[in-house]
Amino acid sequence: MELKAYAKINLYLDVTAKRQDGYHDLVTVMQSVSLADTLTFSRTAGEGIVLHTDGALPTDDSNLICRAANAYFARTGKPFGISVDLEKRIPMQAGLGGGSADAAATLKALNQMDGNRFSVQELCEIGAAVGADVPFCIVGGTQLCRGIGEVMESVPNRLTGTLVIAIGREGVSTPVAFKELDRKYDDFKHGGRKACPSALLKAMQTGDITAATPQFMNLFEEVVCVMRPFVGEIRNLMLKNGAVAAMMSGSGPSVWGLFENEQQAEAAQQELQAIGARVFVCHFI
Ligand code: C5P
């Protein structure tokens with residue numbers, strides 16, 4: 001069984017409060033994009049999971065694919081043997097949800113091999129314990145997410161265009177990015193911040209890019225731009241080349257740019273590659 005694990009970008013990401021358990025409440029609009037890893041699953045005679053990959057990443061139990069499989073088998077109490085081949089294309093520590101996408105694909109594959117034992121909702125519950133973005137990656141598309149990302153509402157997105165996603169060499173650790181926000185926003189502890197994604201949601205529903213452009217936001221962008229100055233450079237280069245909007249995704253440091261004109265997207269791709277960025281041209285799915 002072969003499954004694509006799609007990356008995500010955040011079109012809106014506000015962090016509203018710090019919770020007792022150390023996690024943060026978010027209000028975020030997540031969007032699946034066509035940049036994807038490919039996972040091929042086969043049944044084996046043994047018990048548990050064996051992972052092979054062409055990427056430079058651990059294949060032991062620290063990998064989110066193995067953690068997802070272990071969480072699945074812990075829930076059913078009936079482990080079977082699977083081998084997984086992972087073709088890694090989504091950059092890691094990039095804010096693109098690559099690890100969560102792989103975990104989500106693993107849960108979906110195991111559930112199918114197991115006669116669809118669990119509903120999508122139940123699968124999301126298992127996924128939430130593996131990583132905050134896993135439930136979104138199970139459902140995909142365009143979702144308004146709250147809580148730590150697990151409370152989802154499907155929303156329409158009629159915006160169109162070519163997406164360019166670019167990333168500099170050095171990744172960002174999600175917990176470190178959250179700590180930087182804690183330092184900057186003292187009001188997390190005092191009742192929290194208010195998020196207002198409604199103007200963006202309306203513009204997305206009608207496909208009005210002019211109305212959407214000033215509404216895209218990511219609270220992480222300012223703090224991560226200080227840690228990784230190439231984030232600002234990439235964003236400015238995209239805007240200079242005609243992007244209608246450009247914004248960091250998740251806790252960074254990848255940046256997405258939306259282009260109405262394909263030639264401009266290609267010109268941006270070349271300029272970004274010339275400054276050493278890894279670049280992917282893709283689209284919303
Ligand atoms: O769930 P995930 O493994 O993606 O989260 C990594 C870390 O990021 C968490 O341990 C936590 O420190 C931080 N985090 C958070 N609030 C969220 C998601 C992640 O504080 N909503």
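Helices, of types H or I with at least four residues, and strands, of type E with at least two, are DSSP runs that are numbered here from the N terminus. In this predicted model, two such elements, strand 2 (24-44) and helix 5 (174-184), each supply at least two residues of the shell around the ligand.

**The ligand and its surroundings**

The ligand sits in the largest pocket, and the residues around the ligand are Gly 22, Tyr 23, His 24, Leu 26, Gly 131, Ala 132, Ile 148, Thr 174, Pro 175 and Phe 178. Helix 5 gives the most to this shell, with 3 residues. By residue class, the shell around the ligand divides into 6 nonpolar and 4 polar residues, with no charged residue among them. Both domains take part in the shell, since at least three of its residues are drawn from domain 1 (2-154) and at least three from domain 2 (162-282).

**Polar contacts of the ligand**

Oxygen atoms of the ligand lie close to polar atoms of Tyr 23, His 24 and Ala 132, as the table sets out.

| Residue | Protein atom | Ligand atom | Distance |
|---|---|---|---|
| Tyr 23 | polar side-chain atom | oxygen | 3.3 Å |
| His 24 | N or O atom in the side chain | oxygen | 2.7 Å |
| Ala 132 | polar backbone atom | oxygen | 2.9 Å |

Taken alone, the ligand exposes 460 Å², and the protein buries 72% of that area. The contacts of Tyr 23 and His 24 are made through their side chains, whereas Ala 132 contributes a polar atom of its backbone.

**Backbone features in the loops**

The peptide bond that runs from Gly 252 to Pro 253 is cis, with omega near 5°, and Pro 253 itself lies in the loop that joins strand 9 (245-248) and strand 10 (255-259).

Two residues other than glycine have a positive phi: for Gln 93 the angle is about 50°, and for Asn 116 the angle is near 50°. Gln 93 is placed in the loop between strand 4 (81-87) and helix 2 (98-113), while Asn 116 belongs to the loop between helix 2 and helix 3 (120-128).

Terms used. Residues numbered from 1 in each chain as written. Predicted model: local features only at pLDDT ≥ 70, side-chain atom pairs only at ≥ 80, totals over all residues. Heavy atoms only, no water. Near = heavy atom within 4 Å. Polar contact = N/O pair within 3.5 Å; in protein donor to acceptor, adjacent residues only side chain to side chain. Areas by Shrake-Rupley, 256 points an atom, 1.4 Å probe, with all protein chains shown as cover. 1 Å grid on protein atoms, 1.4 Å probe; cavity = no way out; pocket = protein on both sides within 12 Å on 5 of 7 lines; lining within 4 Å. Sits in = over half its atoms within 2 Å of the grid points. Nonpolar A, V, L, I, M, F, W, Y, C, P; charged D, E, K, R; others polar. Domains from an automatic or database assignment.
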